[in-house]
Amino acid sequence: MTRVAIVTGGTRGIGGAISVALKDLGYTVIANYAGNAEKAKAFTDATGIPAYAWDVGDHQACLDGCAQVAADHGPIDVVVNNAGITRDGVLHRMSFEDWNEVMRINLGGCFNMAKATFPGMRERKWGRIVNIGSINGQSGQYGQVNYAAAKSGIHGFTKALAQEGAKFGVTVNTIAPGYIDTDMVAAVPPAVLEKIVAKIPVGRLGHAEEIARGVAFLCSEDAGFVTGSTMSINGGQHMY
Ligand code: NDP
């Protein structure tokens with residue numbers, strides 16, 4: 001049986017690598033994205049993975065988007081909540097809008113996608129939800145109270161929902177990446193990035209494919225006894 005998997009923010013960066021890894025393992029993969037249609041089209045052309053646009057921070061859009069995916073491809077067995085944004089700034093300069101937007105998308109997106117898909121997984125007695133947290137949700141980070149709070153919230157969300165899903169064959173886990181060489185990290189000033197890399201024991205940034213391999217394991221049949229856990233993939237930068 002082919003499992004249907006949705007990867008939010010699945011058309012580029014870490015999400016793109018996750019989409020490709022799951023497709024290579026035989027899943028029917030659907031990549032969601034926010035609005036960068038050019039990147040999404042290039043991704044679909046290159047991989048054959050269909051891309052659907054909706055805002056994961058919009059509750060009704062998630063319900064409608066997932067209903068459309070299920071109508072087009074069948075019931076959704078796997079959700080990877082990867083979509084995320086940064087709106088960095090020290091607290092005394094951070095606007096309420098920047099706080100809210102990061103909470104709405106990074107943490108609210110996990111709730112919205114789970115509301116749209118968890119009931120079906122529970123009924124069918126099989127499901128995999130993998131939430132992408134962050135090293136900065138584990139350790140905190142200067143200038144990121146919004147992002148660190150949202151990513152930290154993902155850990156609590158994961159552990160609570162894991163308890164609800166366990167007896168129905170639905171596992172819920174978090175992967176907490178360290179610094180990975182994507183567009184998000186390319187936005188960090190080079191001088192700051194140099195200091196960050198100096199603190200990574202492995203001595204380099206991670207690659208999106210290294211996160212994707214962790215996600216692929218957590219989505220597999222073999223990972224049925226792994227739930228409520230956090231897998232840190234960070235080159236040894238933060239040992240938790
Ligand atoms: P990118 O900025 O490279 O890609 C983000 C993806 O998320 C894009 O596909 C984007 O769509 C999508 N997206 C953004 N907002 C929304 C939204 N509201 N609804 C739907 N999709 C949305 O990010 P990364 O690949 O670097 O990061 C992926 C995840 O990993 C994020 O959750 C991030 O916080 C986390 N992470 C990243 C780290 C890193 O070092 N890169 C470190 C730790 C965690 P579109 O293309 O349309 O804009």
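**Exercise 1. Find how far a backbone N or O atom of Asn36 lies from an oxygen atom of the ligand.**

Solution. The separation is 2.8 Å. It qualifies as a polar contact (a pair of N or O atoms within 3.5 Å). The model is predicted: local features need pLDDT of at least 70, side-chain atom pairs count only at pLDDT 80 or more, and totals for chains, interfaces and linings use all residues. Residues are numbered from 1 along each chain as its sequence is written, and side-chain values use heavy atoms, with hydrogens and water left out.

Next, take Asn82. A polar backbone atom of Asn82 is 2.7 Å from an oxygen atom of the ligand. Then take Trp54. Here a polar backbone atom lies 3.4 Å from a nitrogen atom of the ligand.

Last, the area. Alone, the ligand exposes 900 Å², and the protein buries 93% of that. Areas come from the Shrake-Rupley method with a 1.4 Å probe.

**Exercise 2. Describe the shell around the ligand by residue, class and element.**

Solution. Start with the count. There are 31 residues around the ligand, each with a heavy atom within 4 Å of it. Arg12, Gly35, Asn82, Tyr147 and Thr182 come nearest.

Sort by class. The shell has 15 nonpolar, 12 polar and 4 charged residues. Nonpolar covers Ala, Val, Leu, Ile, Met, Phe, Trp, Tyr, Cys and Pro; charged covers Asp, Glu, Lys and Arg; the others, Gly among them, are polar.

Assign elements. Helices (H or I, at least four residues) and strands (E, at least two) are DSSP runs, numbered from the N terminus. Helix 1 (13–24), strand 2 (28–33), helix 6 (145–165) and helix 7 (183–186) each supply at least two shell residues. Helix 7 gives the most, with 3 residues.

**Exercise 3. Locate the ligand among the pockets, then characterise the two largest pockets.**

Solution. Fix the term. On a 1 Å grid over the protein atoms alone, a pocket is an open set of points with protein on both sides within 12 Å along at least five of seven lines; lining residues have an atom within 4 Å of a point. The ligand sits in the largest pocket; more than half of its atoms lie within 2 Å of the grid points.

The largest pocket holds about 1,200 Å³ of space. Of its 50 lining residues, Gly84, Ile85, Thr86, Tyr147 and Met184 are the closest to its centre. The lining divides into 23 nonpolar, 20 polar and 7 charged residues. Elements that supply at least two residues include helix 4 (96–124), helix 5 (135–139) and helix 8 (190–198).

The second largest pocket has about 170 Å³. Its lining includes Ile135, Tyr179, Lys195 and His238. Helix 5 and helix 8 give two or more residues to this lining. The classes are 4 nonpolar, 6 polar and 2 charged.

**Exercise 4. Search the whole structure for cavities of 30 Å³ or more and describe the lining.**

Solution. A cavity is a set of grid points where a 1.4 Å probe fits but cannot get out. The search finds 1. The largest cavity has about 40 Å³ of space. Among the residues that line it are Thr8, Val56, Asn81, Cys110 and Lys151. Helix 4 and helix 6 give two or more residues each. The largest share, 4 residues, comes from helix 4. By class, the lining has 6 nonpolar, 4 polar and 1 charged residues.

Terms used: A polar contact is a pair of N or O atoms within 3.5 Å; within protein, one must be able to donate a hydrogen and the other to accept it, and residues adjacent in sequence count only if both atoms are side-chain atoms. Grid points are joined across faces, edges and corners, and a volume is the space filled by probe spheres set on the points.
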